[in-house]
Amino acid sequence: MKDNVWLTYSKEDEEKLFSLSERYKTFISTCKTERECTAYFCKEAEKAGYESLEDRIASGRPLKEGDKIYASWMGKTLVMFQIGSEPITNGMNILCAHIR
């Protein structure tokens with residue numbers, strides 16, 4: 001029989017876990033729908049240095065290597081891009097997730 005994982009945690013591990021749990025409870029209390037989640041993640045993207053694609057187009061500034069861009073569609077979908085150094089014809093890495 002395997003040991004109970006709770007018995008292997010240090011006090012520091014427990015504190016980190018409970019902190020994460022509290023942040024998660026706050027998140028799921030705040031973001032109950034895909035629209036609330038999308039709005040939340042748009043704000044988080046901006047805090048992380050991402051710029052709205054709409055704002056970027058309105059400014060007339062072209063995209064360049066290293067730019068971080070996000071776009072929301074109908075308030076229910078969010079895509080985020082970090083512009084790379086190689087041409088798009090060389091491919092891109094994609095990470096996907098969904099809100100359910």
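## Close-up views of a predicted chain

**View 1. The fold, element by element.** The chain contains three helices and three strands. The model shown here and in the views that follow is predicted. Followed along the sequence, the elements come in the order α-α-β-α-β-β. The second strand, β2, covers 68-73, and β3 covers 77-82, with a loop between the two. We return to that loop in the last view.

**View 2. The overall dimensions of the chain.** Measuring sticks at the ready: how far does the C-alpha trace span along its principal axes? The spans are about 60 × 30 × 25 Å. The radius of gyration of the chain is 19 Å, whereas a compact globule of 100 residues would have a value near 13 Å. As for contacts with a separation of 6 or more, 31% are made by residues 24 or more positions apart.

**View 3. Surface and charge.** Of the 100 residues in the chain, 11% are buried. The chain exposes about 8,700 Å², and 56% of this area is supplied by carbon and sulfur atoms. Charged side chains are also worth a look: 15 are positive and 16 are negative. The centres of these two sets lie 4 Å apart.

**View 4. Two cysteines without a bond.** How many disulfides does the structure hold? The count is zero. Cys31 takes part in no disulfide, and its nearest cysteine sulfur belongs to Cys37, 4.5 Å away. Why is there no bond for Cys37? Because its sulfur lies 4.5 Å from the closest cysteine sulfur, that of Cys31, the two are too far apart for a bond; a disulfide calls for sulfur atoms within 2.5 Å. Are these residues buried or exposed? Cys31 is buried, with a relative accessible area of 7%, and Cys37 is buried too, at 5%.

**View 5. Met74 in the loop between two strands.** Here we come back to the loop that links β2 (68-73) and β3 (77-82), where Met74 is found. What is notable about the phi of Met74? The angle is near 55°, a positive value in a residue other than glycine. Met74 is exposed, and its relative accessible area is 52%. A relative accessible area over 50% is what counts as exposed, so Met74, at 52%, falls in that class.

Note on methods. Residues numbered from 1 in each chain as written. Predicted model: local features only at pLDDT ≥ 70, side-chain atom pairs only at ≥ 80, totals over all residues. Heavy atoms only, no water. Helix = DSSP H or I, 4+ residues; strand = E, 2+ residues; numbered from the N terminus. Rg over C-alpha atoms; globule rule 2.2 N^0.38 Å. Buried < 20%, exposed > 50% of the residue type's maximum accessible area, 1.4 Å probe, protein only. Contact = heavy atoms within 4.5 Å. Areas by Shrake-Rupley, 256 points an atom, 1.4 Å probe, with all protein chains shown as cover. Lys, Arg positive; Asp, Glu negative; His and termini not counted. Charge placed at Lys NZ, Arg CZ, Asp CG, Glu CD.
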